[in-house]
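Reader: I should like to learn how statements about a structure are justified. May we go through them one at a time?

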Amino acid sequence: MQRCGPKEWGQRTTRRLRLVAPIACALALLAASGCQGSGNPEAVSSAARSFVSALEHGDGAAACRLLTADAEKSVSGATDQSCRSAITSITIHGSAVREVQVWSDAAQVHIGDGVLFLRHVDGSWQVSAAGCQAAAQGRYDCAVQA
Amino acid sequence: MKRLGLFFRDNALTLAFLALLFAALVGQSVTGMVVFNDQQATSGGQPISWPQYLTSSAFAVDVAENWQSEYLQFALYIAATTWLVQRGSSESKKPEDVGRQSDETQKIGPYADERSPRWAKVGGWRTAVYGRSLGAIMAFFFLGSLLAQSVAGRAAYNHDQLTQYEDPVSWGGYLVSADFWARALQNWQSEFLAVASMAAFAIYLRQRGSPESKLVGAPHEATAQDS
């Protein structure tokens with residue numbers, strides 16, 4: 001990380017530059033906050049692969065454990081079936097992760113022929129929306145969503 | 001101790017506003033965190049702590065969008081008042097002084113005196129640069145703040161996009177988005193209003209003792225340099 005304190009500017013620095021440096025540093029810090037988008041894509045991918053694997057094996061209970069609490073409620077609330085039964089109606093072909101986007105505590109994974117949305121909850125990544133189909137203007141209609 | 005007292009007295013304006021800046025930033029960060037956590041609860045996210053909010057893109061974009069507009073205001077104001085006047089305003093030169101003025105008036109090169117800054121005396125590119133340095137540094141911080149706003153704003157925007165099950169956007173996509181320009185323009189309009197108000201109000205209204213005002217007894221038609 002670049003250091004911007006007064007000492008780093010050295011003795012040659014004029015008084016005017018010492019006034020400018022803190023503002024420039026503050027701007028760099030503000031911009032740096034935007035770099036948090038990198039997040040931890042590997043942890044996100046791993047959670048997505050686990051979810052798809054559970055669906056592939058028909059393990060509804062395992063898939064439901066990987067949902068956020070709100071998403072799990074929406075699955076069981078939308079039908080008369082339990083989450084573990086209803087979730088298996090979602091099919092995703094393939095488990096190759098094609099793209100991962102992580103922005104703070106939210107993520108999107110293009111996996112197989114599907115798209116998942118995840119949130120970072122209680123220290124782990126959980127699926128908040130699954131069975132998503134692209135709709136107009138970058139929006140998604142999801143079979144399961146919190 | 002006496003020197004410290006003199007330092008505070010001689011720099012009171014800068015120090016007072018830096019203190020106000022710090023206090024306002026603390027207030028903004030606390031209230032902003034409350035708003036952010038309300039939105040987190042609505043979107044199924046978890047609340048974050050104050051230190052986490054201080055380093056978040058949501059806080060950064062809110063700070064940067066205001067900073068860029070302030071520096072834009074001063075950059076434009078410094079440049080515009082070289083060429084544009086408001087007759088009778090303490091914020092303006094006299095109409096006959098429009099322009100960059102002569103070297104003699106500006107006390108540069110051979111017309112510099114002993115106490116003139118070195119770069120004002122030496123002539124050439126250094127005097128040319130120094131003669132534009134105030135506007136240039138404001139423009140530099142405007143562009144820097146705008147860049148910071150675009151980077152932090154994209155991060156905050158993409159977070160919101162994902163929580164609403166929508167695709168994130170590229171940096172270029174964010175630069176042409178309504179969110180970026182709505183943030184910029186809502187700040188710019190208020191800055192332009194403030195400048196226009198100050199230029200016009202200063203014709204007829206006075207603030208005794210303030211260098212931002214004409215003398216209380218100065219006539220309305222007198223500009224700052226007349227009064």
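Author: Certainly. In this predicted model, 11 residue pairs, both at pLDDT 80 or more, are in polar contact between chain A and chain B. Helix α1(A) gives the most to the side of chain A that touches chain B, with 8 residues. By class, that side has 16 nonpolar, 11 polar and 6 charged residues.

Reader: Why is the meeting of Arg139(A) and Glu166(B) called a salt bridge?

Author: The definition asks for a side-chain nitrogen of Lys or Arg within 4 Å of a carboxyl oxygen of Asp or Glu. The side chains of Arg139(A) and Glu166(B) meet at 3.5 Å, N to O. The pair therefore satisfies the cut-off of 4 Å. The count between chain A and chain B is 1 salt bridge.

Reader: What makes residues of chain A and chain B count as being in contact?

Author: Their heavy atoms must lie within 4.5 Å. By this criterion, 33 residues of chain A are in contact with 31 residues of chain B. The two chains bury about 2600 Å² between them, 64% of it on carbon and sulfur atoms.

Reader: How do you know which residues line the second largest pocket?

Author: A lining residue has an atom within 4 Å of a pocket point. The lining comprises 29 residues, and among those nearest the centre are Ile78(B) and Thr82(B). Helix α4(B) gives the most to this lining, with 7 residues. The space in the pocket is about 1000 Å³.

Methods:
Residues are numbered from 1 along each chain as its sequence is written. Chains are lettered from A and ligands numbered from 1 in the order in which they are written. This is a predicted model: local features need pLDDT of at least 70, side-chain atom pairs count only at pLDDT 80 or more; totals for chains, interfaces and linings use all residues. Side-chain values use heavy atoms; hydrogens and water are left out. Buried area is the accessible area (1.4 Å probe) that two parts lose on being put together, summed over both. A polar contact is a pair of N or O atoms within 3.5 Å; within protein, one must be able to donate a hydrogen and the other to accept it, and residues adjacent in sequence count only if both atoms are side-chain atoms. Helices (H or I, at least four residues) and strands (E, at least two) are DSSP runs, numbered from the N terminus. Ala, Val, Leu, Ile, Met, Phe, Trp, Tyr, Cys and Pro count as nonpolar, Asp, Glu, Lys and Arg as charged, and the others, Gly among them, as polar. On a 1 Å grid over the protein atoms alone, a cavity is a set of points where a 1.4 Å probe fits but cannot get out, and a pocket is an open set with protein on both sides within 12 Å along at least five of seven lines; lining residues have an atom within 4 Å of a point. Grid points are joined across faces, edges and corners, and a volume is the space filled by probe spheres set on the points.
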